[in-house]
Each structure stands twice: as C-alpha cells, then as structure tokens.
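Trainee: I am new to this structure and would like to understand how each label attached to it is earned. Could we look at it together and set the values against the definitions?

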Amino acid sequence: MPTLVVSITLFVLALLIGIEVIGKVPATLHTPLMSGANSIHGIVIVGVVIVAAEANSPLAYVFIFLAAVLGTMNVVGGYVVTDRMLEMFKSNKNEKKGEDK
C-alpha cells in the first residue's frame with residue numbers, strides 16, 4: 001500500500017508540474033514544441049511498460065492504462081500537428097513558385 005501512495009503522489013505532482021510548465025509557454029510556441037513533447041511522451045510510454053512489468057494491483061493497472069493511452073494520444077497528436085505544420089509550409093512554397101510564372 002505505501003508504494004501505491006507514493007505512485008499516486010508522484011503522478012499528481014508530475015501532473016501539477018506539467019500544467020504549470022505548459023501554462024507558462026506562450027500560445028505561439030505550442031506548435032513548434034510538439035516535436036519535443038513527442039520525445040517526452042515516448043519516454044512516458046517506456047516508463048509505463050517498465051512499471052507494468054512490476055504492477056500487482058488493479059488500481060495500478062488502471063493508472064498504467066491511463067498513462068499509456070494519454071501518452072500515446074499525445075505522441076500521435078503531436079505528429080499530426082507537426083505534419084500539418086510542415087504541409088502548411090510546403091503549400092506556401094508551391095504558391096510562391098506559381099506566382100513567379
């Protein structure tokens with residue numbers, strides 16, 4: 001039981017620190033920072049796999065599942081946003097080339 005309390009405490013502290021850090025970033029920087037967020041969430045998913053190997057309670061499995069789903073959503077969402085941003089720049093270059101003709 002003490003291990004579960006420590007795990008929940010760490011989860012809540014990480015959540016609060018994450019909210020505080022993201023809240024201080026200006027909105028114009030959110031899209032360029034998605035690539036960095038992808039690597040961080042990839043590390044979270046690796047941590048989930050490591051913790052899942054030693055989990056022994058149903059509540060731990062719930063937190064493992066939540067961390068895996070939310071981390072995966074963030075990684076996939078980050079790649080989608082990055083891809084859209086790159087497509088936006090590609091279309092601007094094509095429009096400029098078309099104007100020169």
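Trainee: How many aromatic pairs are there by the rule in use?

Mentor: The rule pairs rings of Phe, Tyr and Trp (its six-membered ring) if their centres lie within 6.5 Å, with planes under 30 degrees apart counted as stacked, over 60 as edge-to-face and the rest as tilted, and by this rule the count comes to one aromatic pair. That pair is formed by Phe11 and Phe63. Bear in mind that this is a predicted model, in which local features need pLDDT of at least 70 and side-chain atom pairs count only at pLDDT 80 or more, while totals for chains, interfaces and linings use all residues. Residues are numbered from 1 along each chain as its sequence is written, and side-chain values use heavy atoms, with hydrogens and water left out.

Trainee: Why is the pair of Phe11 and Phe63 called tilted?

Mentor: The centres are 5.5 Å apart, which is within 6.5 Å, and the planes make an angle of 50°, neither under 30 nor over 60 degrees, so the pair counts as tilted.

Trainee: What makes this a link between distant parts of the chain?

Mentor: Phe11 belongs to helix H1 (residues 2–23) and Phe63 to helix H3 (residues 58–100), 52 residues apart; helices here are DSSP runs of H or I with at least four residues, strands are runs of E with at least two, and both are numbered from the N terminus. The protein chain has three helices and zero strands.

Trainee: Are Phe11 and Phe63 buried, exposed or partly exposed, and why?

Mentor: Buried means under 20% relative accessible area, exposed over 50%, and partly exposed in between, with a 1.4 Å probe and protein chains only. Phe11 has 42% and Phe63 has 27%, so both are partly exposed. Of the 101 residues of the protein chain, 11% count as buried.

Trainee: Which residues is Tyr61 in contact with, leaving aside its neighbours within four places in sequence?

Mentor: Tyr61, which is in helix H3, is in contact (heavy atoms within 4.5 Å) with Ala52 and Ala55. A polar atom of the Tyr61 side chain lies 3.2 Å from the backbone oxygen of Ala55. With a relative accessible area of 45%, Tyr61 is partly exposed.

Trainee: What does the UniProt record place at residues 59–81?

Mentor: The unreviewed UniProt entry places the feature "transmembrane region" at residues 33–52 and 59–81, although such annotations may be inferred rather than shown by experiment. In the model, residues 59–81 are 100% helix and 0% strand, with the end C-alpha atoms 33 Å apart.

How values were computed: A polar contact is a pair of N or O atoms within 3.5 Å; within protein, one must be able to donate a hydrogen and the other to accept it, and residues adjacent in sequence count only if both atoms are side-chain atoms.
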